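The following exercises are to be worked through with the sequence and the structure in view. Each task is followed by a solution in steps.

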Amino acid sequence: MSRIRLAPFSRRSFLHLSAAASAAAVFQPFTEAQHAARNRGPFSKDAVLIDANENPLGPTQSARDAVAAIIPQGGRYSDNLTDELTGTFAQNEGLNPDYIQAFPGSTGPLVGSVLAFTSPRKSYVTADPGFEAGMRAASTSSARVVKVPLTKDYAHDVKAMLAAAPDAGMFYVCNPNNPTGTLTSHSDIEYLVEKKPKGSVVVVDEAYIHLSDAASTLDLVKAGKDVVVLRTFSKVYGMAGLRCGFAIARPELLERVNAYGGLTFMPITAVVAATASLNNAGLVPERKRINAAVREETFQWLQRNAYSYIPSQANHFMIDTKRPGKDVREAMKKQNVFIGRSWPIWPTYVRVTVGTQDEMQHFQSAFQKVMTGSAV
């Protein structure tokens, strides 16, 4: 049987869980997929889709084989497979399995964390620009949203985040950051954890960590700190459409996150694909190498053509187009190349996902036409 962490039943706990479920039901988070769908509209089969931080390689072959093999068992819940997945991850990372909760992706536990740890009296603190799902969730919990600009090196400004919200209930750190792909040092995150207000939590979103040289903050979870780490199989593992991820934290913190939409039954196709991916020791270093090679070739092209960009350690990066980013995005769409969105604080920047080498060649051709005014 799967581990189910439920507080002792009482009328009070029932009412709390009912209110939590209602809040979660009202809120519909915007994932990367939803942002992309809103911006894409109809597209042809040969369109270049580099707008949603997806991995164009898709699931590895071992994951595909695992999905195909499990389909005949699709009529069974088979929740023991989720225990196998969390057990595999726990063994790989040296964690207690009770510190791991599987979710369909990592946006769900991000939203659950916001609803659990923020309120009208407890602010939500994030970087600007940053991933927006948590900000939208904070509007449901009626929490004040505190957006703090990145440092000059595009890291989270942890001292400014602390100073801006002494009433914080949750600090959100995406590392590498979405949309910039830049890193915040482990020491800075440690400082944030040690100096944060009592009773607050630090949620570290490590969706892109496998693509970077950043040190994970799982050690802070192991040390019993007020930290929730989020992981997803959507990026380096190429499983964005299959939906699988983790929240990793002390059990009592996971209980609070679970109260807001947790304990969701996992699709067995995603679970077996994720387990197979974790058991593929060469997957992460090989895909990190492929992504870095294509990314660096793209950066070299941008440099040769005097385009301004922010160096990234993820599978996406920001380009300063020196004009409204939304206009460039629409012009690129006419070239059958779909790039990512802009953020209000940086309206002239657009986010571009690292695709395959062929896709990035199409991007370069289309971008040059749009920027030089030669696009038809």
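**Exercise 1. Determine which elements cover the buried residues of helix α14, and check the length of this helix.**

Step 1. The model is a predicted one. Elements that cover the buried residues of α14 include the strands β1 (48–50), β10 (316–320), β11 (337–339) and β12 (349–353), together with the helices α12 (283–304) and α13 (325–334).

Step 2. The buried residues of α14 are E359, M360, F363, Q364, A366, F367, V370 and M371. An α-helix has 3.6 residues a turn, so residues three or four places apart point the same way.

Step 3. Helix α14 comprises 16 residues, 357–372, and at 1.5 Å a residue it should span 22 Å. The C-alpha atoms at its ends are 22 Å apart, so the expected span agrees with the model.

Step 4. Just after α14, G373 adopts a positive phi of about 80°.

**Exercise 2. Describe how helices α5 and α10 pack against each other.**

Step 1. Two packed helices are described by the angle between their axes and the distance between the axes.

Step 2. For α5 (residues 107–117) and α10 (residues 251–258), the angle is about 95° and the axes are 7 Å apart. Angles of 65 to 115 degrees count as roughly perpendicular, and α5 is therefore roughly perpendicular to α10.

Step 3. On the side of α5, the contact is made by P109, G112, S113, A116 and F117; on the side of α10, it is made by L253, R256 and V257. Sorted by class, this contact has 5 nonpolar, 2 polar and 1 charged residues.

**Exercise 3. Locate two cis peptide bonds and two residues other than glycine with a positive phi.**

Step 1. Most residues other than glycine have a negative phi, and most peptide bonds are trans.

Step 2. The bond from D128 to P129 is cis, with omega near 10°. P129 belongs to the loop between β3 (123–128) and α6 (133–140).

Step 3. N175 and P176 are also joined by a cis peptide bond, with omega about 0°. The loop that holds P176 runs between β5 (168–174) and α8 (186–195).

Step 4. S142, which is not a glycine, has a positive phi of about 60°, and it is found in the loop between α6 and β4 (145–149). Its relative accessibility is 48%, so S142 counts as partly exposed.

Step 5. A306 has a positive phi near 60° and lies in the loop between α12 and β9 (308–310). Exposed means over 50% relative accessible area; A306 is therefore exposed, at 69%.

Definitions and conventions:
Residues are numbered from 1 along each chain as its sequence is written. This is a predicted model: local features need pLDDT of at least 70, side-chain atom pairs count only at pLDDT 80 or more; totals for chains, interfaces and linings use all residues. Side-chain values use heavy atoms; hydrogens and water are left out. Helices (H or I, at least four residues) and strands (E, at least two) are DSSP runs, numbered from the N terminus. The expected span of a helix is 1.5 Å times one less than its number of residues. Buried means under 20% relative accessible area, exposed over 50%, partly exposed in between (1.4 Å probe, protein chains only). Contact means heavy atoms within 4.5 Å. Axes are lines fitted to C-alpha atoms, for helices over the stretch in contact, and angles run from 0 to 180 degrees between N-to-C directions. Angles under 35 degrees count as roughly parallel, over 145 as roughly antiparallel, 65 to 115 as roughly perpendicular and the rest as oblique. Ala, Val, Leu, Ile, Met, Phe, Trp, Tyr, Cys and Pro count as nonpolar, Asp, Glu, Lys and Arg as charged, and the others, Gly among them, as polar.
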